[in-house]
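Visitor: I have a model open on my screen and would like to learn how to read it. Could you walk me through it?

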Amino acid sequence: MTAFVLPSVNNDNLISALAAKKEEINSQISSLKAQIMRLTGGLSHIDATINLLSGADNIKAAKAKPNRIFKPSECKTAILDTLRKSGSKMDTKSIAIAVAKTKSIDSTPSFQNAIVGCLRTLEGRNLVKVVGKEGTMYLWEIV
């Protein structure tokens with residue numbers, strides 16, 4: 001048996017030519033994938049427009065479910081109860097801590113923001129008022 005021997009070819013030139021061809025094909029594939037994505041997006045928009053104009057799809061805006069700490073009116077009632085029981089003016093942080101204690105939860109910054117919002121609502125309804133300031137905290141009392 002005789003072994004098959006390839007004629008002498010410069011492998012470096014062949015390898016570089018094949019690598020260049022591979023890069024060219026990869027570039028074409030990437031370009032075509034990007035074009036497919038653009039066309040698919042355009043097709044989706046056309047489908048949505050057809051559905052909208054034909055009335056086949058009544059699109060409604062998604063409503064975010066609110067992350068409620070309190071039930072309706074629960075915050076206002078808790079604040080007014082806290083101020084009534086104290087019998088004197090209280091700062092915002094003390095009110096938040098007292099209300100959190102009655103709900104058996106931690107007084108987090110989002111909880112404190114909810115308390116401030118409720119206090120401002122109650123102030124707008126002339127149920128509580130700011131009677132001073134202690135440091136950076138407002139002092140509140142029932143009207």
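**Reading the contacts and the core**

Guide: Happily, and keep in mind that this is a predicted model. Let's begin with one side of the packing: not counting residues up to four places away in sequence, Leu119 touches Ile79, Thr92, Ile95, Val128 and Trp140.

Visitor: Which residues have the most contacts inside the largest nonpolar core?

Guide: That core has 18 residues, and Leu119 is among those with the most contacts inside it, along with Ile79, Ile95, Val99, Phe111, Ile115 and Val128. Two or more residues each come from helix H2 (74-86), helix H3 (92-103) and helix H4 (109-124).

Visitor: How many helices and strands are there in the protein?

Guide: You will find four helices and three strands, and along the sequence they run α-α-β-α-α-β-β. Of the 143 residues, 15% are buried.

Visitor: Is Asp91 buried or exposed?

Guide: Asp91, which sits in strand S1 (residues 90-91), is buried. For a buried charge, look for a partner: a salt bridge needs a side-chain nitrogen of Lys or Arg within 4 Å of a carboxyl oxygen. Asp91 has no salt bridge, and Lys93, the nearest side chain of opposite charge, is 7.5 Å away.

Visitor: What lies 3.0 Å from a polar atom of the Asp91 side chain?

Guide: The backbone nitrogen of Lys93 does. Beyond neighbours within four places in sequence, Asp91 is also in contact with Glu134, Met137, Tyr138, Leu139 and Trp140. You met Trp140 earlier, as a residue that Leu119 touches.

Technical notes
Residues numbered from 1 in each chain as written. Predicted model: local features only at pLDDT ≥ 70, side-chain atom pairs only at ≥ 80, totals over all residues. Heavy atoms only, no water. Buried < 20%, exposed > 50% of the residue type's maximum accessible area, 1.4 Å probe, protein only. Lys, Arg positive; Asp, Glu negative; His and termini not counted. Polar contact = N/O pair within 3.5 Å; in protein donor to acceptor, adjacent residues only side chain to side chain. Contact = heavy atoms within 4.5 Å. Core = buried A, V, L, I, M, F, W, Y, C linked by side-chain atoms within 4.5 Å.
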